[in-house]
Amino acid sequence: MRKVNKDKYVKHEESMVYVYSDKNAHPINGYLTTFRFAEDKYCPLCRMGPFTHAVDLKNHHYTRLHKTQQQCHDL
């Protein structure tokens with residue numbers, strides 16, 4: 001929260017909420033969208049993409065960012 005003068009307001013901006021679950025059926029499923037980074041041509045660890053060519057995705061796997069994310073994931 002930010003301090004705001006009483007005669008001003010905080011702008012409402014678009015935000016994303018990520019919901020993870022092992023269950024396939026939830027009462028809120030109708031309100032959720034799929035995690036786009038889980039699709040092909042995306043890297044779900046780094047939340048990068050879409051990669052237009054398979055070579056681009058493969059090269060991404062050699063970047064420092066991806067290697068760091070992979071190490072954290074493997075813990």
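# Exercises on a predicted model

Lys-41 sits in the segment before α1, where helices are DSSP runs of H or I with at least four residues, strands are runs of E with at least two, and both are numbered from the N terminus. The model is predicted, so local features need pLDDT of at least 70 and side-chain atom pairs count only at pLDDT 80 or more, while totals for chains, interfaces and linings use all residues. Residues are numbered from 1 along each chain as its sequence is written, and side-chain values use heavy atoms, with hydrogens and water left out.

## Exercise 1: backbone angles

Task: state the phi of Lys-41 and of Arg-47, and classify the peptide bond from Gly-49 to Pro-50.

Solution.
1. Most residues other than glycine have a negative phi, and most peptide bonds are trans.
2. Lys-41 has a positive phi, near 70°.
3. Arg-47 also has a positive phi, near 55°, and lies in the segment before α1.
4. The bond from Gly-49 to Pro-50 is cis, its omega being near 0°; Pro-50 too belongs to the segment before α1.

## Exercise 2: exposure

Task: sort Lys-41, Arg-47 and Cys-43 into buried, partly exposed or exposed.

Solution.
1. Take the cut-offs: buried is under 20% relative accessible area, exposed is over 50%, and partly exposed is in between (1.4 Å probe, protein chains only).
2. Lys-41 has a relative accessible area of 48%, so Lys-41 is partly exposed.
3. Arg-47 is partly exposed because its value is 35%.
4. Cys-43 has a value of 3% and is therefore buried.
5. For Cys-43, add a distance: its C-alpha atom is 8.5 Å from that of His-60, 17 residues apart along the chain.

## Exercise 3: a surface patch

Task: name the residues of the nonpolar surface patch of about 550 Å².

Solution.
1. A patch joins residues with over 30% relative accessible area and no salt bridge (like charges within 9 Å; nonpolar side chains, namely Val, Leu, Ile, Met, Phe, Trp and Tyr, within 5 Å). A salt bridge is a side-chain nitrogen of Lys or Arg within 4 Å of a carboxyl oxygen of Asp or Glu. Areas are Shrake-Rupley values with a 1.4 Å probe, and for residues only the protein chains shown count as cover.
2. The patch is made by Val-17, Val-19, Ile-28, Tyr-31 and Leu-32.
3. Ile-28 is partly exposed at 40%, and Leu-32 is partly exposed at 35%.
4. The C-alpha atoms of Leu-32 and Tyr-18 are 9.2 Å apart, with their positions 14 residues apart in sequence counted as separation.
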